[in-house]
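Trainee: Please take me through a close look at a single part of this chain, starting with the whole and then narrowing down to one residue.

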Amino acid sequence: MELSWLLPYILVSVTIVLIPGQDMLFVLTQSISSGQKAGLQTVAGSITGTVFHTLLASFGLSVIFASSLLAFNILKIVGVIYLLYLAFQAFREKNPLVVLPHKKQEHYFRKGMIMNLSNPKCALFFLTFLPQFVRPELGHMNLQMLLFGFIFIIETLIIFSIIAFFASKLGQKFIQSLRFQHVLKYTKGTVFGLLGISLLFSSR
């Protein structure tokens, strides 16, 4: 596997990771409102979901969501309900810049993972994106897709962690500003709500 073969994939996949999407916006808002540790836990949860999608795509199981409209819609509705629930929670927050104690931060990992897993477009993305770079003449097509998925995961981990770091610094800078907290509260709720509506009207 020569670097010249992997380079086009690396360039394209990095570009895709840099495009603001549902997971990136979620990491951004969680990092600003709850700090760096919460942001990194959200990243870890999202990455765990990506590992799952990579495995599904590599072994052909994601084809279920590509071929079954019912399966796609069920997972989509789950994702929509979860996003709208997070939006409702955000609007009800009294102080979005309160960092919870360590023992209460486990749910950030869970939120990140559910956010990723409940988006059927992620499964379809890996199913359609990874095979485009597979070279059949090299054999071991499943292993090639696993390699591509692993590279994508590393890229996402690095970029999202950087976002979490700088977003948390922004939150710390304005932690004493009641106006910023008010704006953040409604911005976060609106972002989650719009993501839910966007997912609702998405199609295969």
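How many helices and strands make up the secondary structure of the protein chain, and where in it does Met24 lie?

Mentor: This is a predicted model, in which local features need a pLDDT of at least 70 and side-chain atom pairs count only at 80 or more, while totals for chains, interfaces and linings use all residues. Residues are numbered from 1 along each chain as its sequence is written, and side-chain values use heavy atoms, with hydrogens and water left out.

The protein chain has 9 helices and 0 strands (DSSP runs, numbered from the N terminus: H or I of at least four residues for a helix, E of at least two for a strand), so that reading from the N terminus gives α-α-α-α-α-α-α-α-α. The pLDDT (the predictor's confidence in each residue, from 0 to 100) averages 79 over the protein chain, and 83% of the residues score at least 70. Confidence is highest in helix H3, at a mean of 90, and lowest in helix H4, residues 63-67, at 63. Over residues 99-103 the pLDDT falls below 50, and this stretch has 7 contacts in the model beyond near neighbours in sequence (contact means heavy atoms within 4.5 Å). Where pLDDT is low, the predicted coordinates should not be read in detail.

Met24, the residue for our close look, lies in helix H2. Is Met24 buried or exposed? With a relative accessible area of 11%, Met24 is buried (under 20%; exposed is over 50% and partly exposed in between, with a 1.4 Å probe and protein chains only). Leaving aside neighbours within four places in sequence, Met24 is in contact with Val17, Leu18 and Ile19, and also with Phe160 and Ile163. Ile163 stands 139 residues from Met24 along the chain, but the C-alpha atoms of the two are separated by 8.3 Å.

That pair can be set beside the contacts of the whole protein chain: among those with a separation of 6 or more, 86% join residues 24 or more positions apart. Burial, too, can be followed beyond Met24, since buried residues make up 46% of the 204 residues in the protein chain. In helix H7, 7 of the 10 residues are buried, and therefore this helix is largely enclosed by the rest of the structure. The buried residues of H7 are Pro120, Cys122, Ala123, Leu124, Phe126, Leu127 and Phe129.
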